[in-house]
Amino acid sequence: MTDTVHLGDVPVGDSHPTVFVAEIGSFFKKDIELAMESLSRVADAGAPVFKTEILHSADVVLPDTGLTHTYSHASGKKTQDYRALIEERVTPLKDYERIFRACADLKMPIIASVFDFSGVDFMKDMKAAGIKLSRNYINHLPLLEYAAKSGLPVILDVGEAYFSETCRATELIIGAGAPMILNHHPGPTPSLAAIHNLRLISTYKQALSIPVGLSCHYRGDLMLYAATIAGANLLEKGICADPDQPEADIVSAAPFSDLPRILENVRECWLALGDGKVRQWPDRDVSGQAGMVADKGIAKGATLKSTDVRFAWPSVGISAEHFRLVESRTVQRDVEEGAPITWEDMGLGSGNEGAGE
């Protein structure tokens with residue numbers, strides 16, 4: 001059983017429903033009005049947590065290095081200078097403030113990916129519900145520690161990382177006093193089903209005793225439900241107007257129109273898990289259980305044999321489960337063909353228990 005981590009007033013852990021995080025990243029590309037519209041649509045759909053990313057400076061990528069980023073989209077692939085790609089998305093902190101204040105007005109917890117120390121400071125100042133760090137930052141120990149000391153919960157993506165790196169980062173974050181959620185990130189965008197290895201969710205939980213989620217980059221919603229059944233406590237997935245746009249990271253997003261259905265399906269999957277406890281059913285319906293019936297007329301004094309009996313429901317006479325108790329006993333009164341065989345017929349009812357032995 002994992003500990004519970006709270007993102008605002010939303011609990012995340014094994015004792016609580018799987019939490020869906022609606023991610024808009026930087027899909028809005030500096031257009032804050034579009035970001036605000038996205039927030040409104042996510043809130044209207046009933047998503048419990050909203051997510052963006054604090055990409056306020058292009059200096060997280062060095063200029064003029066020739067570093068490129070190749071990403072898939074619905075129509076193929078595109079390669080772009082990485083610095084230029086980031087510059088297209090850089091948004092001033094004052095604009096991000098509008099999103100955070102709107103979430104506060106909606107009483108909707110907001111988390112965001114950060115890429116530098118200033119981003120952590122901003123999240124703390126804005127009273128965010130949690131800080132997200134991408135899988136590429138698993139070895140950025142200074143930023144991990146700084147985020148952990150912010151007093152906010154830390155969500156760390158883990159993908160293509162050694163388990164020793166995962167353990168080291170987890171120990172550092174928890175050791176600094178931060179509540180932590182680990183997000184399983186299977187690989188590229190989009191991620192094929194075959195590389196998801198969702199059993200890792202259970203492995204991480206058993207080893208680290210913290211909530212574990214899925215950073216979903218599968219094209220479609222199937223992995224959300226598979227991950228819920230696999231025990232994911234958190235599901236993070238991109239949401240946008242049109243996932244077929246030729247933009248970075250958007251190919252695996254879900255359209256806004258699908259969000260209500262996704263939220264309902266995730267809830268149903270979580271409910272289907274139950275608690276694993278064996279139930280007692282004092283009022284259960286047993287009318288479909290079979291009882292003993294005379295397959296032919298049985299005379300008083302005969303020894304009851306299996307060839308004398310057939311079984312049918314409802315169990316009006318002796319239940320089929322007690323057949324071995326009465327087999328080879330002496331029948332105490334005539335039983336007509338097709339009649340239920342009762343305890344009284346066998347001398348074991350109405351005060352005659354043990355008769356005919």
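**Exercise 1. Place V21 and describe its surroundings.**

V21 is found in strand β3. Helices (H or I, at least four residues) and strands (E, at least two) are DSSP runs, numbered from the N terminus. The model is predicted: local features need pLDDT of at least 70, side-chain atom pairs count only at pLDDT 80 or more, and totals for chains, interfaces and linings use all residues. Residues are numbered from 1 along each chain as its sequence is written, and side-chain values use heavy atoms, with hydrogens and water left out.

Step 1. Is V21 buried or exposed? Buried means under 20% relative accessible area, exposed over 50%, and partly exposed in between (1.4 Å probe, protein chains only). V21 has a relative accessible area of 0%, so V21 is buried.

Step 2. List the contacts (heavy atoms within 4.5 Å). Leaving out residues up to four places away in sequence, V21 touches V49, K51, I111, L234, L235, E236 and K237.

Step 3. Compare chain and space. V21 and F50 are 29 residues apart along the chain, yet their C-alpha atoms are separated by 5.7 Å.

**Exercise 2. Check the length of helix α9, then find its buried side.**

Step 1. The expected span of a helix is 1.5 Å times one less than its number of residues. Helix α9 (residues 259-273) has 15 residues, so α9 should span 21 Å; its end C-alpha atoms are 22 Å apart, which agrees.

Step 2. Which residues of α9 are buried? They are L259, I262, L263, V266 and C269. They cover an arc of only 125 degrees around the axis, so they lie on the same side of α9. The arc is that of the directions from the helix axis to the C-beta atoms. An α-helix has 3.6 residues a turn, so residues three or four places apart point the same way.

Step 3. Find the cover. It includes β3 (19-23), α1, α8 (222-229), β12 (234-240) and β13 (254-255).

Step 4. Look past the end. G274 follows α9, and its phi is positive, near 65 degrees.

**Exercise 3. Compare the two sides of helix α3.**

Step 1. Helix α3 (residues 93-106) has D95, Y96, I99, F100, A102 and C103 as buried residues. Their arc is only 155 degrees around the axis, which puts them on the same side of α3.

Step 2. Turn to the other side of α3. There, K94, A104 and D105 are exposed.

Step 3. What do the buried residues of α3 pack against? They pack against α1 (32-45), β4 (49-54), β7 (110-114) and α4 (117-125).

**Exercise 4. Describe how α6 and α7 pack.**

Step 1. Give the angle and the distance. Helix α6 (residues 163-175) and helix α7 (residues 199-208) pack at about 50 degrees, with their axes 12 Å apart. Axes are lines fitted to C-alpha atoms, for helices over the stretch in contact, and angles run from 0 to 180 degrees between N-to-C directions.

Step 2. Classify the angle. That angle makes α6 oblique to α7. Angles under 35 degrees count as roughly parallel, over 145 as roughly antiparallel, 65 to 115 as roughly perpendicular and the rest as oblique.

Step 3. Name the residues that meet. F163, T166, C167 and T170 in α6 meet Y204, A207 and L208 in α7.

**Exercise 5. Find a cis peptide bond and a neighbour.**

Step 1. The peptide bond from T189 to P190 is cis, with omega near 0 degrees. P190 is found in the loop between β10 (180-184) and α7.

Step 2. Which residues does S72 touch? Not counting residues up to four places away in sequence, S72 touches K77, T189, P190, E247 and V251.
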